[in-house]
Amino acid sequence: MASYMILTPPGARANDERARFVADGFSWWAFLFPALWLLAKRQWAIGIAVAVLQISLIFLSNHESGFLPSLLSHLALRLVVALEGPVLVARSLTARDWTLRSIVPAPNLEAAEEIYFTSLASNETKPAAPSPADWTVRKPSSGGPGLGLFDSYGER
């Protein structure tokens, strides 16, 4: 089961239809085609760096003692991109002022969308929680016995 990071554009409400659901998990497409996957996700600098590294590893594998190190390095590069690539996408969106609204564990994208938008609808029907300004104002006790040893008189 993957976790989906829900991000909304700058200035958008939580229930905006342009919200992006980024799966935080292993990506098979990123494993099979790391450089192309990064470029398709508009991660230009990292995508070009991975492409250059992949090409250099291919040239290294042509040498007689470089095949095994090249193969292991290539596998490690693919695993890093497949595991951390979705996080790079989410970080680039937050760098462009997108807001991380929630993280939802779900088996697939449709379930994540349903869980997220259902939780938004249920939050709209609940009464609003008191604001932090209301938490600091304490009403004096009625003079009767309290639960603590001392009366706080509004202090912390």
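**Entry 1: leucine 7 and its neighbours**

I started with leucine 7 and looked across to E2, where arginine 20 stands opposite. This is a predicted model, so I'm reading everything here as computed. On the E3 side, I found that the bridge partner of leucine 7 is leucine 100. I then looked up how the strands line up in general: strands of a sheet pair through backbone hydrogen bonds, either parallel or antiparallel. Which of the two do I have here? E1 and E2 pair in the antiparallel sense, over 5 bridges. Strand E1 (residues 2-8) also pairs with E3 in the antiparallel sense, this time over 7 bridges.

**Entry 2: the whole sheet**

Next I stepped back to the sheet. It is an open one made of 3 strands, and I noted the order as E2-E1-E3. Which strands sit at the edges? They are strand E2 (20-24) and strand E3 (99-106), since each pairs on one side only. From one strand to the next, the twist averages 25 degrees. I also checked what lies against the sheet: H4 packs on it and touches E1 and E2. The direction of H4 makes about 145 degrees with that of E2.

Is E1 mostly buried or exposed? I counted 6 of its 7 residues as buried, so E1 is largely enclosed by the rest of the structure.

**Entry 3: aspartate 16**

I followed the chain into the loop between E1 and E2, which is where aspartate 16 has its place. Buried or exposed? Aspartate 16 is buried, because its relative accessible area is 14% and the cut-off for buried is under 20%. I looked up what it touches, leaving out residues up to four places away in sequence, and got Pro9 and Phe117.

**Entry 4: a greasy-looking list**

Now the outside. I found a nonpolar patch on the surface made of Phe26, Trp28, Trp29, Leu32, Phe33, Leu36, Leu75, Leu79 and Leu83. Together these residues have about 950 Å² of accessible area. Which helices supply at least two residues each? Helix H1 (28-32) and helix H4 (67-95) do. So H4 turns up twice in my notes: it packs on the sheet, and it supplies residues of the patch.

I picked tryptophan 28 for a closer look, and it is found in helix H1. It counts as exposed because its relative accessibility is 58% and exposed means over 50%.

**Entry 5: arginine 42**

Then I went to the loop between helix H2 (34-40) and helix H3 (44-61), where arginine 42 lies. Buried or exposed? With a relative accessible area of 58%, arginine 42 is exposed. I also checked its distance to valine 89: the two are 47 residues apart in sequence, yet their C-alpha atoms are 8.3 Å apart in space.

**Entry 6: the chain as a whole**

Last, the overall tally. I listed 6 helices and 3 strands. What order do they come in? From the N terminus on, I read β-β-α-α-α-α-β-α-α.

The chain has 156 residues, and buried ones make up 27% of them. Its accessible surface comes to about 11,200 Å², and 63% of that belongs to carbon and sulfur atoms. For contacts with a separation of 6 or more, I noted that 62% are between residues 24 or more positions apart.

Notes. Residues numbered from 1 in each chain as written. Predicted model: local features only at pLDDT ≥ 70, side-chain atom pairs only at ≥ 80, totals over all residues. Heavy atoms only, no water. Patch = residues over 30% accessible without salt bridge, like charges linked within 9 Å, V, L, I, M, F, W, Y side chains within 5 Å. Areas by Shrake-Rupley, 256 points an atom, 1.4 Å probe, with all protein chains shown as cover. Salt bridge = Lys/Arg side-chain N within 4 Å of Asp/Glu carboxyl O. Helix = DSSP H or I, 4+ residues; strand = E, 2+ residues; numbered from the N terminus. Buried < 20%, exposed > 50% of the residue type's maximum accessible area, 1.4 Å probe, protein only. Pairing = 2+ DSSP bridges. Axes fitted to C-alpha atoms, helices over the stretch in contact; angles between N-to-C directions. Contact = heavy atoms within 4.5 Å.
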